[in-house]
Amino acid sequence: MRTTVLCLVPLMAVLLAVAATGTAAAPSVTISASRPSVVYGGSVSLSGKIADRSAGQTVNVLAKPAGASSFSALASVTTTAGGRWTDAVKPTIETAYEATWMSATSSTVTIKVRPLITLTLVSATNGTFSTKVTAARSFAGKFVLVQRLSSTGFVTLKKVTLDAKSSASVRVRLHHRRSRLRVVMPSSQTAPGYITGTSNVLTVGA
């Protein structure tokens, strides 16, 4: 009987080791974004966590901009307490991101990008304004909508075509009272790679 018990001890140790290995968490990594869209030139914070929650591990961040056929390496970050990682990115066009750790790959998050649109007063005397659309590519030949805020919302006043520098000059009949104007570029003009863009709201008059 004693011999039988002694033989069972190493067998139980092996079984326990196998069970422990079977229940160990498989490598995994998560990813999320602080916001779903950004204006060209702005940044977004990506973050996530690895399965074993250990610090000092390397997580690789990969990116696939609109038009690219595959993901490419963007950055490597180190996990902190709890296995958490963060990285700030500046997508210049709609971009998908994913993270890898060991043999694991996260889900994908996509950040949409709005073109940067500015509206500037040139002369209040004759109601002249200038507008410019900035992104990673030209919008020459595309149009923007000049809008005025009314009691019921923004109303489109003019459709203006952008020049070779993705800019335009426009004249607007100003009210004697205060006018609030903006420029909008619809997605039909920003696509592909960008979503609807809106300029700053410019207040003119008393």
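The questions and answers below go through a predicted model of one protein chain.

User: How many helices and strands are there in the protein chain?
Analyst: The protein chain has 206 residues, and 34% of them count as buried. Its secondary structure comprises two helices and 17 strands.

User: What share of the residues score a pLDDT of at least 70?
Analyst: Confidence drops in some stretches: pLDDT stays under 50 over residues 1-9, where the model has zero contacts beyond four places in sequence. Residues 14-22 also stay under 50, again with zero contacts beyond four places in sequence. For the protein chain the average pLDDT is 90, and the share of residues that score at least 70 is 87%.

User: Among contacts between residues at least 6 apart in sequence, what percentage join residues at least 24 apart?
Analyst: One pair with a long separation along the chain is Phe-143 and Gln-189, which are 46 residues apart, with C-alpha atoms separated by 6.7 Å. Phe-143 touches Gln-189, and also Met-185 and Pro-186, among others. Over the protein chain, the percentage of such contacts that join residues at least 24 apart is 58%.

User: Which strands are the edge strands of the open sheet with the order S1-S3-S6?
Analyst: This open sheet has three strands with antiparallel pairing, in the order S1-S3-S6. An edge strand pairs on one side only, and this holds for strand S1 (32-33) and strand S6 (84-89).

User: Which residue in S3 is the bridge partner of Ala-33?
Analyst: S1 and strand S3 (residues 44-49) pair in the antiparallel sense over two bridges. Contacts of Leu-46 outside its neighbours within four places in sequence include Ile-31, Ser-32 and Ala-33. The bridge partner of Ala-33 in S3 is Leu-46.

User: How many residues does the largest nonpolar core have?
Analyst: In soluble globular proteins, nonpolar side chains tend to be buried together. Here Val-29, Leu-46, Val-59, Trp-85, Tyr-97 and Phe-129 touch the most other members of the largest nonpolar core. Leu-46 is in contact with Trp-85 and Tyr-97, among others. The number of residues in this core is 39.

User: Why is one side of S10 and of S14 left without a neighbour in the sheet?
Analyst: S10, S11 and S14 form an open sheet in that order, with antiparallel pairing. S10 and strand S14 (167-171) stand at the edges, so one side of each is left without a neighbour, as each has a single partner strand.

User: Which residue in the hairpin of S10 and S11 takes a positive phi near 65°?
Analyst: Strand S10 (residues 116-123) and strand S11 (residues 128-134) pair in the antiparallel sense over seven bridges. Ile-117 stands opposite Val-133, and Ser-123 has Thr-128 as its bridge partner. Four residues lie between the strands, and the one with the positive phi is Gly-127.

User: How many residues are between S12 and S13 in their hairpin?
Analyst: Strand S12 (residues 143-150) and strand S13 (residues 153-161) run antiparallel and are joined by eight bridges. Ser-150 of the hairpin stands opposite Gly-153 in S13. The number of residues between S12 and S13 is two.

User: Is Ser-179 buried or exposed?
Analyst: Ser-179 is in strand S15 (residues 179-185). Leaving aside neighbours within four places in sequence, Ser-179 is in contact with Arg-148, Leu-174, Leu-202, Thr-203 and Val-204. The relative accessibility of Ser-179 is 1%, and the cut-off is under 20%, so Ser-179 counts as buried.

User: Is Met-102 buried or exposed?
Analyst: Met-102 lies in the loop between strand S7 (95-101) and strand S8 (104-105). Although not a glycine, Met-102 has a positive phi of about 55°. With a relative accessibility of 61%, Met-102 counts as exposed.

User: Is Ser-166 buried or exposed?
Analyst: Ser-166 lies in the loop between S13 and S14. Its phi is near 60°, a positive value in a residue other than glycine. The relative accessible area of Ser-166 is 5%, so this residue is buried.

User: Where does Pro-192 lie?
Analyst: The peptide bond from Ala-191 to Pro-192 is cis, with omega near 0°. Pro-192 lies in the loop between helix H2 (187-190) and strand S16 (197-198).

Technical notes: Residues numbered from 1 in each chain as written. Predicted model: local features only at pLDDT ≥ 70, side-chain atom pairs only at ≥ 80, totals over all residues. Heavy atoms only, no water. Pairing = 2+ DSSP bridges. Buried < 20%, exposed > 50% of the residue type's maximum accessible area, 1.4 Å probe, protein only. Contact = heavy atoms within 4.5 Å. pLDDT = per-residue confidence, 0-100. Core = buried A, V, L, I, M, F, W, Y, C linked by side-chain atoms within 4.5 Å.
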